[in-house]
Amino acid sequence: MATTQLTTSSISVRNMASFERLRFSQVQCLACVGHVRIANLTQRSFRGMVVKATTVVAPKYTGIKPLGDRVLLKIKEAEEKSQGGILLPSTAQTKPQGGEVVAVGEGKTFGKSKVDISVKSGEQVVYSKYAGTEVEFNGTKHLILKDDDIVGILDTEDIKDLKPLNDRVLIKVAEAEERTAGGLLLTEATKEKPSVGTIIAVGPGPLDEEGNRTAISVTQGNTVLYSKYAGNDFKGKDGSDYIALRASDIIAVLS
């Protein structure tokens, strides 16, 4: 059986067209780092390797109306300077997770009832990092996403003031242990990211099948243990770490 050895240096954007229709099941990774073996090449789908670009809305269109439970946001520009005033290169600028609500859909239907969108035009919100579809409209970047992908409303510049929506919870992350159980001092690189924190605020709860809100089982002030890779991380003005996640990602209440 003929096989082809590829190194990372031999894969370029120019060569991507030849990979467009490969079947994922026919891509085998070798144990050695930086190599990929591709056997029995066939014409299937390999489009997952292509980075999706922002959709540009032509100037002839004068408005965007989101449908259903979708929301149109104007994306907040990335910070160009650090808190200390240092100019950041584009590669070091944090991808924004905030924006202003421009327009909302008519809401979500549950049987014969309809639930309105949980945000209104003009409100400043925080959303999940990889949610929605980016569009460029009138020279400005916007995002169309589902109401459920909005983490909360933020009226200030400090994440601790976030008002979570739906089943979201805002947690102040506990500080990482400075020493091991044996008393050894840990460096910043070896400190384990904690999965424990104190609940600062909770949302109104998720919607059930009939469109009614159901209460969240944790309350403000609870110290909780949560899934390690859940939610969206934020840095507060006070230097503390915060995380916004779904209530279902909380594993236990500690006492």
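Which residue of β9 does E100 stand opposite? Hold that question for a minute. We will come back to the pair.

First, the ground rules. What you see above is a predicted model. Now the overall make-up. The protein has 19 strands. It has zero helices. The chain counts 255 residues, and 31% of them are buried. The accessible surface comes to about 16500 Å². Carbon and sulfur atoms hold 53% of that surface.

How do the contacts spread along the sequence? Take the contacts between residues at least 6 apart. Of these, 62% join residues at least 24 apart.

Now back to the opening. Start with β5 and β6. Strand β5 covers residues 70-75, and strand β6 covers residues 98-104. They pair in the antiparallel sense, over five bridges. One place to look is L72, whose bridge partner in β6 is A103.

Strand β6 also pairs with β9, residues 124-127. That pairing is antiparallel too, with three bridges. And here is the answer: E100 stands opposite Q124 in β9.

Next, the open sheet. It has six strands. Read across, the order is β17-β18-β14-β15-β16-β19. The pairing is antiparallel. Which strands stand at the edges? They are β17, residues 232-235, and β19, residues 250-254. Each has a single partner strand, so one side of each is left without a neighbour in the sheet. From one strand to the next, the twist averages 40°.

Let us zoom in on the β17 edge. Its link to β18, residues 241-246, is made of four bridges. The two strands run antiparallel. Find N232 on your screen, and A244 in β18 stands opposite.

Last stop: one loop residue. Where is D167 found? Look in the loop between β13, residues 163-164, and β14, residues 168-173. Is D167 buried or exposed? D167 has a relative accessible area of 12%. The cut-off for buried is under 20%, so D167 counts as buried.

What is D167 in contact with, leaving aside neighbours within four places in sequence? The list is D148, G205, P206, I216, L245, R246 and A247. Two of those names take us back to the sheet. L245 and R246 are contacts of D167, and strand β18 spans residues 241-246.

To recap: 19 strands, zero helices. An open sheet of six strands, with β17 at one end of the order and β19 at the other. And a buried aspartate, D167, in the loop between β13 and β14.

Key
Residues numbered from 1 in each chain as written. Predicted model: local features only at pLDDT ≥ 70, side-chain atom pairs only at ≥ 80, totals over all residues. Heavy atoms only, no water. Buried < 20%, exposed > 50% of the residue type's maximum accessible area, 1.4 Å probe, protein only. Contact = heavy atoms within 4.5 Å. Areas by Shrake-Rupley, 256 points an atom, 1.4 Å probe, with all protein chains shown as cover. Pairing = 2+ DSSP bridges. Axes fitted to C-alpha atoms, helices over the stretch in contact; angles between N-to-C directions.
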